[in-house]
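This report describes one protein chain and the features that can be read from its atoms. The sequence and the structure come first, and the description follows.

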Amino acid sequence: MALMIYNTLNGKKEEFKPINGKKVGFYICGPTVNNHIHIGHARSYIFWDLISRYLSFQGFEPRVVSNITDIAIDDKILKELKKLNKSFFELTTHYMLSYFFDRKSLGLKEPDINCLATQHINEMIELVQKLLDKKYAYKADDGIYFDISKFKDYGKLAKIKPKELKEGASNRVKAEEYDKDSAADFVLWKNYKEGEPYWHSPFGKGRPGWHIECSAMSMKYLGESFDIHAGGEDNIFPHHENEIAQSEAATGKTFSKYWIHMKHVLMNGEKMSKSKGNFITVKDAVKKYGALLLRFFFLTTHYRKNIDFTEKELENAKAKLKKIILAFKLLESAKGSNDSKELMKKFEDLKKSFESAMNDDFNTSLAITQWIGFCKEIQSIKGLSRASAKKILIYFGRIKDVFFGDIELFDEKKGDESKKFIEIAIDIRNKARSLKNFELSDYARKKLEEEGIKINDSKDSASWEY
Ligand SMILES: [Zn+2]
């Protein structure tokens, strides 16, 4: 089955056919570095990481480019700067380092290119100039604006028709983020205001608007037309709509072929927001739940569905994760003589069903269900041979890399430690048996079984296995 991707641009699943054979140009809207990233960002970045790894798994060669917005400035940031007595540069550097740290802790692969907006001002100026030359842009008192009435495809991504746009007093929006209802000419270049960072340009001192950076940087590193553009659902309008308008007006070519958007993370059913206080940073979440569980939790729900971040859902994910870890342990410790043709047949079925789920618009939720189903089969086999286990382990290792990235499922040192504790628990149970305290010995057996440890009792001792 070919890889199918839901393309926001056309509102349906389409077969993925990159422009240049196996090579895939993949652009991701990165963070604005004015704060620590939160778990909403984490869900997106984990999923983009999974897409790039799965493309490689299927023999594609993705080239991933992601931006870092280190310019965007608003009153809140200006206030924060004053409060902290920090320079603009100190503030963005601080949060940029925090972002890199969080990426590492989530086991994310670094993009091929991480591009900083402030290092691409020339490219942005050139693009604005091009739009002025082609009369898609015009000068106003406070900066340069894109004239949406000149671009006939305006609204094709967000599915709005420019004719329906409300006539505002000025018919211009100065803000970076606004509703569909207030769609109007948007700012490409803002003239200098006191206290704000600025650059020199042919149109005077000032700074770029937010939207222009992604057009300038994606086209610089991936060409005027490329394959995938990804971002959060909130980016569809106005950010991505405006990116399409600027880029396609300037080049006359299709900008990105596929547009992929991530749904929200809810906190106990509600949208996360700072004012409600239901806001968790990646750092706090990793500290509390561990990166392995976080990555897995986000992948248990399909990316085009909202996911509810609750203790109960995390517990559910943890129970599923344990089954996968247990299967790895069983396979790694297999030393029996049973080649189990039956299991190997199911293994071939798993490969097909797992990949057909992933090829259906990256249905990670279904792929995990298939994977866990097969893990349970492994548990039911007695004395599996090393050779059969090895064949399965090779495939498991590959899908583990796609799902868990650079995070280890369990590290061997910890494995040794847990063995020590299992033996202590069994020793206590033996003691309970010898004292005829069967209530305690049964309780210990039950607890060990919950962790996937089977105890084989002999007359006066006990051995154990996963
Ligand atoms: Zn962007």
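Leu440 lies in helix α14. The model in which Leu440 is placed is predicted. With a relative accessibility of 38%, Leu440 counts as partly exposed, because the partly exposed class runs between 20% and 50% relative accessible area. Leu440 belongs to a nonpolar surface patch of about 500 Å², which it makes with Phe421, Ile424, Ile428 and Tyr443. Two helices, α13 (412-434) and α14 (438-450), each supply at least two residues of this patch. The largest share, 3 residues, comes from α13.

**Overall layout**

The protein has 466 residues, of which 51% count as buried. Its secondary structure comes to 14 helices and 17 strands. Along the principal axes, the C-alpha trace spans about 90 × 50 × 35 Å. The chain is divided into domain 1 (4-262), domain 2 (310-404) and domain 3 (412-465). Between the C-alpha centres of domain 1 and domain 3 the distance is 57 Å.

**The zinc site**

Which residues coordinate the zinc ion? The donors are Cys29 through SG, Cys214 through SG and His239 through NE2, at 2.1 to 2.2 Å. Their spacing in sequence is C-x184-C-x24-H. Cys29 and Cys214 link distant parts of the chain, being 185 residues apart: Cys29 sits in the loop between β3 (23-28) and α1 (39-57), and Cys214 in helix α5 (residues 211-222). Both Cys29 and Cys214 are buried.

Another loop, between β2 (12-15) and β3, holds Phe16. Phe16 has a relative accessible area of 5% and is therefore buried. From Phe16 to Ala175 the separation is 159 residues in sequence and 35 Å in space, C-alpha to C-alpha.

**Strands**

One open sheet has 3 strands in the order β14-β13-β15, with mixed pairing. Its edge strands are β14 (270-271) and β15 (307-309), each of which pairs on one side only. Strand β13 (residues 265-267) pairs with β14 in the antiparallel sense over 2 bridges. Met267 has Glu270, in β14, as its bridge partner.

Further along the chain, β16 and β17 form a hairpin with 4 residues between them. The pairing of β16 (residues 454-457) with β17 is antiparallel and covers 4 bridges. Within it, Asn456 has Ser463 of β17 as its bridge partner. Where do the side chains of β17 (residues 462-465) point? They alternate: Ala462 and Trp464 point to one face and are buried, whereas Ser463 and Glu465 point to the other and are not.

**Salt bridges**

The structure holds 27 salt bridges. Three of them involve residues of helix α10 and are set out here.

| Pair | N to O distance |
|---|---|
| Lys346 and Glu342 | 3.5 Å |
| Lys346 and Glu377 | 3.1 Å |
| Glu348 and Lys351 | 3.5 Å |

Lys346 and Glu342 both lie in helix α10 (residues 341-359), 4 residues apart, which is about one turn of the helix. Glu342 has a relative accessibility of 55% and so counts as exposed. Lys346, with a relative accessible area of 29%, is partly exposed.

Lys346 also forms a salt bridge with Glu377. Why does this pair tie together parts that are 31 residues apart in sequence? The reason is that Glu377 lies in helix α11 (residues 364-380) and Lys346 in helix α10. Glu377 is partly exposed, with a relative accessible area of 28%.

Glu348 and Lys351 are both in helix α10, 3 residues apart, again about one turn of the helix. Glu348 has a relative accessible area of 39% and is partly exposed. Lys351, at 25% relative accessibility, likewise counts as partly exposed. Elsewhere, salt bridges that share partners join Arg429, Arg433, Arg445, Glu449 and Asp457 into one network.

Technical notes
Residues numbered from 1 in each chain as written. Predicted model: local features only at pLDDT ≥ 70, side-chain atom pairs only at ≥ 80, totals over all residues. Heavy atoms only, no water. Donors = N, O, S within 2.8 Å, 3.2 Å for Na, K, Ca; no water. Buried < 20%, exposed > 50% of the residue type's maximum accessible area, 1.4 Å probe, protein only. Patch = residues over 30% accessible without salt bridge, like charges linked within 9 Å, V, L, I, M, F, W, Y side chains within 5 Å. Areas by Shrake-Rupley, 256 points an atom, 1.4 Å probe, with all protein chains shown as cover. Salt bridge = Lys/Arg side-chain N within 4 Å of Asp/Glu carboxyl O. Domains from an automatic or database assignment. Pairing = 2+ DSSP bridges.
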